[in-house]
Amino acid sequence: GFTSIDSREIDDDYHMFTSLNFPEGHPARDDYDTFMTTEGLIAPAHTSTMQNRVLKMFRPNLKQGEPIAVVIPGRVFRNEDLDVTHEHTFYQLEGVFVAENINVGNLIAVLQAFMNEYFGQVLKTKIQPFYFPFTEPSFEFAIERPKALKKGNAEADQWLELLGCGMIHPEVLKHADIDSNKYTGFAWGGGIERLVLMKNNIEDIRHFESGKLDFLRQFK
C-alpha cells in the first residue's frame, strides 16, 4: 500500500533542514558535519529531505479519506567516522504515513511487520527514546546482532540500531500545509546496507563501497 518515490542526491537548505524543524545553529547545518557545495547546495544526509515534497504531493489523499503512504529509497552522504557498521556513503529507506488517528502503536506494528517479513522470522527488537528535530516523540529501533556482528557480552553490545523513527512533528506537517490537529503520522529512516548486513551475516559495511569483486560476486 506504499507508493515508492526516489530521493535526490543534491538538495537545498529548506528541504534538508528548515522544513524538518532543524533550528538555526543546529550542528548538522555546519559544513564540517554535512557535505555542502560552494554554492550552498547539500548532499543529503538522509532521505528525510524528501518528506516535505511527498507530504505536499500526496496531501489531496487526506481530503479523499486516503492516507499518505510513501517509501523513499535513495543514496545519502555523511561525514562519518568509518567502522564496520558506519559508512560515509550508503543507501537509506524513508517511510512516511499520515492519516487520522495514527499513533505510536501503528508505527511499531508497521516496523515489526516489515522486519519479520524481510528476515522471514519473528525477531527480537526494541525501541528506545531518542531525539530528532522532525519527530516527537522520537525513537531508535534496534535489532539483536547476528553472531558475525557481535561486539561483546554486555547488554548494549547485543543490539544494532537499525533506524530512527517517530511521530511526525506538528511543525513538519505545518510546513506541508497539513492540519496537525486533525491528522497525525509517523516516519522512519534506516540504512538499506544494514538490513543486508543482518540478513547475510556480512561483517563490514565498508565492503559495499570498496569495489572488491570477490565480495560482489557472492551476490550474483
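1. A residue is called buried when its relative accessible area is under 20%, and because H207 has a relative accessibility of 14%, it counts as buried in this predicted model.

2. As for where this residue lies, H207 is placed in the loop that runs between α6 (192-200) and α7 (213-216). When its neighbours within four places in sequence are set aside, the residues with which H207 is in contact are I202, K212 and F215.

3. Turning to the fold, the secondary structure of the protein chain amounts to seven helices and seven strands, and their order along the sequence is β-α-α-α-β-β-α-β-β-β-α-β-α-α. The radius of gyration of the protein chain is 18 Å, which is close to the 17 Å given by the globule rule for 220 residues, so the chain is as compact as a globular protein of that length. The C-alpha trace, taken along its principal axes, spans about 50 × 45 × 35 Å.

4. On packing, 46% of the 220 residues of the protein chain count as buried. Among contacts in the protein chain with a separation of 6 or more, 67% are accounted for by residues 24 or more positions apart.

5. On the surface and the charges, the protein chain exposes about 11600 Å², of which carbon and sulfur atoms supply 51%. The protein chain carries 22 positive and 32 negative charges, and the mean positions of these two sets are 5 Å apart.

Notes
Residues numbered from 1 in each chain as written. Predicted model: local features only at pLDDT ≥ 70, side-chain atom pairs only at ≥ 80, totals over all residues. Heavy atoms only, no water. Helix = DSSP H or I, 4+ residues; strand = E, 2+ residues; numbered from the N terminus. Buried < 20%, exposed > 50% of the residue type's maximum accessible area, 1.4 Å probe, protein only. Contact = heavy atoms within 4.5 Å. Rg over C-alpha atoms; globule rule 2.2 N^0.38 Å. Areas by Shrake-Rupley, 256 points an atom, 1.4 Å probe, with all protein chains shown as cover. Lys, Arg positive; Asp, Glu negative; His and termini not counted. Charge placed at Lys NZ, Arg CZ, Asp CG, Glu CD.
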